[in-house]
Every structure is written in C-alpha cells, then in structure tokens.
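User: Could you take one contact in this model and look at it closely with me? I'd like to start from a single pair of side chains and then work outward to the parts around it.

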Amino acid sequence: MAKIHWNAKKNETAPGQPLVAGTLHDVDFMVKDGKRFSDSGGWGYGEFEYDAASDTFRPGTAADKPPQGNDAKCGFACHTVVKKQDYVFTEYPKR
C-alpha cells in the first residue's frame, strides 16, 4: 500500500473554503509479507520525506515528525493500535 501525505491548504475560491492538497509532505509504504516481517505483524514499513527545493525524496529519520526508525519496522509502533484491522488504519466503506 502507498499513502501520499500532503500539507493541507484552503481552497480560497470554492464555497466554504474546503481543505485540499497543498504541497507534498511525504510518501509512506506498507508491504505485507509474513515471512520477511514476522516480527512486525507481517508488515514492512517505509517512509520517504519530500524535499521541495531539490524535488527529491529521502528516507525518514528520527528527526522527522513523526520520527521514523529508518528500518522496515518504522511504522509498527503506531500501527499496533489497529491490530484488529491487520495494522491498517484505513477503513473502507460498504460498497
């Protein structure tokens, strides 16, 4: 799975000025592989911070918010609160 984080901004021209995607912040990945990531609920995690000045990405570090361990378990601690949902925060609506 991939998740793109954007810094929110107001759409000044739309009625009600809803929040929309602004500048790119980071990209997160989750890979399901019970053999490779058995010690983190079967998931491997990765996070890459976007640098607008160079238009490049770099691996997340402990200095980022939230801090990243820069290994395949970097997201596991946060995701344990959704263990019953296979460590995934996203809930899909009924179709």
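Analyst: **One salt bridge and its surroundings**

Let's start with D86 and K32, whose side chains form a salt bridge with the closest N and O atoms 2.8 Å apart. The two residues belong to distant parts of the chain: D86 sits in the segment after α1, K32 in strand β2, and 54 residues separate them. Please keep in mind that this is a predicted model. Neither partner is hidden from solvent: D86 counts as partly exposed because its relative accessibility is 33%, and K32 falls into the partly exposed class too, at 46%.

The segment after α1 also holds Y87, and the backbone there deserves a look. Y87 has a positive phi, near 65 degrees, in a residue other than glycine. For context, most residues other than glycine have a negative phi. Unlike the partly exposed D86, Y87 is buried, since its relative accessible area of 9% is under the 20% limit.

The ring of Y87 has a partner as well. Its centre lies 5.4 Å from that of F76, and the two planes meet at 45 degrees, so this pair is tilted. F76 belongs to helix α1 and Y87 to the segment after α1, so the contact ties together parts that are 11 residues apart in sequence. F76 also gives a handy reference point for the loop between β4 and α1 (76–79), where K65 is found. K65 and F76 are likewise 11 residues apart in sequence, with 15 Å between their C-alpha atoms. K65 counts as exposed because its relative accessibility reaches 72%.

Now let's follow K32 back into the sheet. Strand β2 (19–32) comes after a loop that joins it to β1, and the open sheet has 4 strands in the order β1-β2-β3-β4, paired in the antiparallel sense. At its edges are β1 (2–10) and β4 (56–59), each of which pairs on one side only. On average, neighbouring strands of this sheet are turned by 30 degrees against each other, direction ignored. In the loop between β1 and β2 you will find Q17, another residue with a positive phi, about 45 degrees, although it is not a glycine. Q17 counts as partly exposed because its relative accessibility is 33%.

Strand β2 takes part in an aromatic contact too. Altogether, the structure has 3 aromatic pairs. In one of them, the ring centres of F29 and F48 are 6.1 Å apart with planes at 70 degrees, so the arrangement is edge-to-face. This pair joins distant parts of the chain, F29 in β2 and F48 in β3, 19 residues apart. F29 is classed as partly exposed because its relative accessibility is 38%, and F48 is partly exposed at 32%. Together with F57, these two residues form a nonpolar patch on the surface with about 270 Å² of accessible area.

Moving on from F48, strand β3 (residues 43–51) pairs with β4 in the antiparallel sense over 4 bridges. Within this pairing, E49 stands opposite R58 of β4. R58 brings us back to salt bridges: its side chain meets D64, with the closest N and O atoms 2.8 Å apart. The two partners differ in cover. D64 is buried, because its relative accessible area of 11% is under 20%, whereas R58 is partly exposed at 36%.

The structure has 3 salt bridges, and one of them still needs a word: K73 meets D39 at 3.2 Å, N to O. K73 lies in the loop between β4 and α1 and D39 in the loop between β2 and β3, so this contact ties together parts that are 34 residues apart in sequence. K73 counts as partly exposed because its relative accessibility is 40%.

So what picture surrounds the contact we began with? On one side, D86 belongs to the segment after α1, which also holds Y87, and Y87 pairs with F76 of helix α1. On the other side, K32 belongs to strand β2, where F29 faces us with its link to F48 in β3.

Note on methods. Residues are numbered from 1 along each chain as its sequence is written. This is a predicted model: local features need pLDDT of at least 70, side-chain atom pairs count only at pLDDT 80 or more; totals for chains, interfaces and linings use all residues. Side-chain values use heavy atoms; hydrogens and water are left out. Two strands pair if DSSP finds at least two bridges between them. Axes are lines fitted to C-alpha atoms, for helices over the stretch in contact, and angles run from 0 to 180 degrees between N-to-C directions. Buried means under 20% relative accessible area, exposed over 50%, partly exposed in between (1.4 Å probe, protein chains only). Patches are made of residues with over 30% relative accessible area and no salt bridge: like charges are joined within 9 Å, nonpolar side chains (Val, Leu, Ile, Met, Phe, Trp, Tyr) within 5 Å. Accessible areas come from the Shrake-Rupley method with a 1.4 Å probe; for residues, only the protein chains shown count as cover. A salt bridge is a side-chain nitrogen of Lys or Arg within 4 Å of a carboxyl oxygen of Asp or Glu. Rings of Phe, Tyr and Trp (its six-membered ring) pair if their centres lie within 6.5 Å; planes under 30 degrees apart count as stacked, over 60 as edge-to-face and the rest as tilted.
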